[in-house]
Amino acid sequence: MAGSEVKVLGTWASPFALRIHIALGIKSVTYEWVEENLEAKSQLLLESNPINKQVPVLIHHHKPICESLAILQYIDEAWPSAPSILPSDPYHRAVARFWAAYIDHKWFTWLKGVASAEGAEAKKAALDQVREGLVVVEEAFGKCSKGKDFFSGDRIGYLDIVLGCFLGWLYVAEKRNDVKLLDEEKMPGLAAWAIKFCLDGAVKDVMPDKDELLDYANMVFQAMAKAKLNAPPNN
Amino acid sequence: MAEQKVKLLGFWVSPFAYRVIWALKLKGIDYEYIEEDIFNKSPLLLQLNPIHKKVPVLIHGDRVISESYVIVQYIDETWPHCPLLPQDPYERAMARFWADFAETKLLNTAWLGLCARGAEREKAAKLAMEAVEKIEEVVKGKKLFGGESIGYLDICLGWISYWLPVWEEVGSMQIIDPIKFPATSSWMNTLLHHPVIGDNLPGRDAMIEYFQKRSKDIYESDWFKDIIRLHLHP
């Protein structure tokens, strides 16, 4: 497997693509990053992921793999030498998969809901839900980390990557809504974890600058609001 | 660890619980089944799965695992004989991808079709059919997704062979046209004739009655209108 051509199709702002950057970094795999323009998707992306036409896609031995959680597990299995991404014990793997599903299907859906919530009351409810979700994950962090720095213990692993990729967008939500979501008082474990995660060797050089992400988000939301105003009525 | 006692909390008509039943039976693992009334949740369920409060939940010794596909992978890794996931990392990634696809694009839309009415039912059924078109290409030329024997993807998609026809009947909709989808139809048939699957299914008449009531109750609920808006009119 070593030395084979590895390509990643992604975008700099995509938290899901960031997961792949980090995982390949952990395994010290050399890869080519292809920055996609989602407004004008490349032929390679459309051919590699005809089902969803989304990033990220990992291409290894000319075979495309899609869906970030499937890609993370593939990376762990295709490059089996240490450090490992998933725990070795089946029960700890199950716990990691359970929380990955919660973060992706519940918590991230709530985070996206903040942007689409209309009106002050709906916004507040959406933000409260995100915060409550983080309190739940704080408890999970305590159980998984067992007093160590990361969900996976001494080194970052699957669950650290799954949640950590959203830290930039969490910051965006905090700044755009002028609130604190990752609260040091309510979630001391996660607050400390977030700092250490961002400093990790496999993360710090690939994580997008959070203020650049904020500028990008502001631009995108502004364009969306403008498009909505100019759109014809749909009745 | 493998010799520790296994218990499964399920609900008689849950396709998710059946994934776990099939995995346990395929591996020949003894377990105690505990029926849960999901409309009157027990303190045991609320204690074991406080996050989602759902079945299935697997109890193995002092370990508790929730989420059907997490449980199936746990079973596969704890009892490695008769492997369910393929050995090759690429094939495993494909199995995981298609399991996720079928859940989000077919199961969710078919369920919406069951519970919706009129134009929204039609829209949901159409989306479900588009998902089956993709699945048809994957299963073409294969006896089972797992090859000669039942694998992870057969288990995750197994509900299509038995629950989906019930939902089609209750919802008066056709999603699996055997002429349009011959490979999928053939696979459904193969699965139903496999002793582990065919001998471990809920009664069809009881299912029809259950889903008729469920469809009506959900359609009339306040929260369903939000679900429809979110999924069919984004």
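In chain B of this predicted model, strand 1 (residues 6–10) and strand 2 (residues 32–35) run parallel and are joined by four bridges. Between strand 1 and strand 2 of chain B, the chain passes through helix 1 (residues 15–26), and the resulting β-α-β crossover is right-handed. One position can be picked out in this pairing: B:Gly10 lies opposite B:Glu35, a residue of strand 2 of chain B.

The rest of chain B can be described in outline. Its secondary structure amounts to 11 helices and four strands. The C-alpha trace extends over about 50 × 45 × 35 Å along the principal axes. Is a radius of gyration of 18 Å what a compact globule of 234 residues would have, or not what it would have? A compact globule of that length would have a value near 17 Å, so the 18 Å of chain B agrees with it. Buried residues make up 53% of the 234 in chain B. Of the contacts in chain B between residues at least 6 apart in sequence, 70% connect residues at least 24 apart. The exposed surface of chain B is about 10,700 Å², with 54% of it supplied by carbon and sulfur atoms.

Chain A shows how the strands are arranged. Four strands of chain A make an open sheet with mixed pairing, in the order 2-1-3-4. Strand 2 (32–35) and strand 4 (63–66) of chain A are the edge strands, each pairing on one side only. On average, neighbouring strands in this sheet are turned by 20° against each other, with direction ignored. Within the sheet, strand 1 (residues 6–10) and strand 2 of chain A are paired in the parallel sense by four bridges. A:Gly10 has A:Glu35, in strand 2 of chain A, as its bridge partner. Helix 1 (residues 15–26) of chain A lies across strand 1, strand 2 and strand 3 (57–60) of chain A, and runs at about 155° to strand 1 of chain A.

The last stop is a single residue, A:Tyr171, which is part of helix 7 (residues 167–177) of chain A. Is A:Tyr171 buried or exposed? Its relative accessible area is 14%, and the cut-off for a buried residue is under 20%, so A:Tyr171 is buried. Which residues are in contact with A:Tyr171, once its neighbours within four places in sequence are left aside? They are A:Lys210, A:Asp211 and A:Leu214. A:Leu9 lies 162 residues from A:Tyr171 along the chain, and the C-alpha atoms of A:Leu9 and A:Tyr171 are separated by 25 Å.

Note on methods. Residues numbered from 1 in each chain as written. Chains lettered and ligands numbered in written order. Predicted model: local features only at pLDDT ≥ 70, side-chain atom pairs only at ≥ 80, totals over all residues. Heavy atoms only, no water. Pairing = 2+ DSSP bridges. Helix = DSSP H or I, 4+ residues; strand = E, 2+ residues; numbered from the N terminus. Right-handed = clockwise from strand over helix to strand, strands pointing away. Rg over C-alpha atoms; globule rule 2.2 N^0.38 Å. Buried < 20%, exposed > 50% of the residue type's maximum accessible area, 1.4 Å probe, protein only. Contact = heavy atoms within 4.5 Å. Areas by Shrake-Rupley, 256 points an atom, 1.4 Å probe, with all protein chains shown as cover. Axes fitted to C-alpha atoms, helices over the stretch in contact; angles between N-to-C directions.
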